[in-house]
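Biologist: I should be grateful for a close look at a single part of this model. Please set out the reasoning together with the values.

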Amino acid sequence: MNKKQVWGLVVAAIIFVVVGIIGVVTNVVSGSFETASTIFEDGTYGYDTPVAEDYVAVLDISGTIQASPEDTGVFAAATTGYDHDTLMSYLDRLMDDPNNKGIVLTLDTPGGTVYESDEFYLKLMEYKEKTGNPIYSYMESMCCSGGYYIAAASNEMYANRNTWTGSIGVIISSYNYAGLFDKIGVEEVNIVSGDNKAMGHPGEKMTPEQEAIFQGLVDEAYEQFVDVAAKGRNMDVAKMKELADGRVYTAKQATENGLIDGIKSEEEFMDYVQGAVGEDVTIYTPTAYSTDYFSQLFGMAKSTGSLTELQLIQQLMEKEGSGVPMYVYSGQ
């Protein structure tokens with residue numbers, strides 16, 4: 001690392017710490033009423049809650065639904081997008097908070113992994129069963145696949161008139177490098193305990209048997225998705241399957257097919273929720289921020305080193321073809 005790179009890292013560290021301190025101070029002193037924050041074991045803050053007022057909590061579900069939040073770059077004070085662990089912990093806190101009177105989900109997501117989508121959905125259902133409080137969903141530009149899966153836990157679902165939703169289905173993506181390896185003289189060698197132990201590895205062509213195994217995984221996850229969606233919409237499973245061929249629906253089409261309750265602007269939707277819960281209940285959007293700035297800094301700095309074109313292609317393939325079952329719309 002040369003002198004310019006060292007100085008660049010030092011300057012970045014200073015800016016990162018300053019931005020972090022400002023973010024924490026601003027979060028503490030802002031707002032029209034007192035808030036409370038919890039520090040988790042990893043040194044990060046979770047979402048805050050009002051301590052003295054009845055409220056409905058607004059949860060933002062944006063970006064890809066996955067285990068780790070998306071990286072926002074070196075100069076970001078915190079990661080953004082879907083943060084699974086923080087959201088799950090926050091739902092636990094809401095269940096134990098007598099001041100909480102409901103949840104609003106604002107969704108702008110193409111979906112994500114089967115595991116995280118289902119885990120969050122189940123936590124929402126646990127919240128409804130334990131508290132008896134309502135959940136309302138509002139779909140922004142996109143609420144597809146795993147996003148719709150999560151929204152199915154709602155009592156009511158509305159969308160912007162320009163929303164794309166649906167994409168009810170499952171996908172497992174992978175890449176096969178066998179042709180490329182043959183061309184450049186590379187051979188993948190796997191020592192396995194069974195014929196299907198290495199199935200899905202990119203250097204080996206998939207056999208018909210292995211394709212059938214993967215199809216079985218997809219089919220089981222699909223049946224689970226259809227069941228969740230049908231229960232959420234009080235719709236017959238057979239009718240839901242007619243709609244659940246993976247296609248994306250406009251908000252108008254989704255309304256006509258019973259996939260959502262209607263179309264509203266975000267302002268109209270929030271006014272509707274306010275009328276439903278009562279004027280004495282605050283609709284509160286919590287904030288979340290992290291104090292673990294140094295670990296974020298060095299983790300991000302590590303990821304910003306120079307990458308060869310081959311490494312960039314490899315990263316893209318690993319992201320898009322992970323072999324993990326996904327409730328995700330991959331058309332963009």
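Modeller: The account below takes helix H9 first and then its surroundings.

This is a predicted model, in which local features need pLDDT (the predictor's confidence in each residue, from 0 to 100) of at least 70 and side-chain atom pairs count only at pLDDT 80 or more, while totals for chains, interfaces and linings use all residues. Residues are numbered from 1 along each chain as its sequence is written, and side-chain values use heavy atoms, with hydrogens and water left out. The mean pLDDT of the protein is 80, and 71% of its residues reach 70 or more.

Helices (H or I, at least four residues) and strands (E, at least two) are DSSP runs, numbered from the N terminus. H9 covers residues 266-277; at 1.5 Å a residue its 12 residues should span 16 Å, and the 17 Å between its end C-alpha atoms agrees with this. The expected span is 1.5 Å times one less than the number of residues. Directly after H9 comes Gly278, with a positive phi near 105°.

Five residues of H9 are buried, namely Phe269, Met270, Val273, Gln274 and Val277; the term means under 20% relative accessible area, with exposed over 50% and partly exposed in between (1.4 Å probe, protein chains only). Because their arc around the axis is only 140°, they lie on the same side of H9; the arc is that of the directions from the helix axis to the C-beta atoms. An α-helix has 3.6 residues a turn, so residues three or four places apart point the same way. Glu267, Asp271 and Gly275 are exposed on the other side of H9.

The cover over the buried residues of H9 includes strands E3 (55-62), E4 (100-109), E6 (135-144), E7 (156-159) and E11 (282-284). Phe269 also joins Tyr138, Tyr158 and Tyr272 in a cluster linked by ring pairs. Rings of Phe, Tyr and Trp (its six-membered ring) pair if their centres lie within 6.5 Å; planes under 30 degrees apart count as stacked, over 60 as edge-to-face and the rest as tilted.

The largest nonpolar core has 53 residues, of which Ile103, Leu105, Phe120 and Leu124 touch the most other members. A nonpolar core is a set of buried Ala, Val, Leu, Ile, Met, Phe, Trp, Tyr and Cys residues joined through side-chain atoms within 4.5 Å. Apart from this core lies another, of 11 residues, among them Tyr136, Met270, Val273 and Val281. Met270 and Val273 thus recur: they are buried in H9 and belong to this 11-residue core.

Definitions and conventions
Contact means heavy atoms within 4.5 Å.
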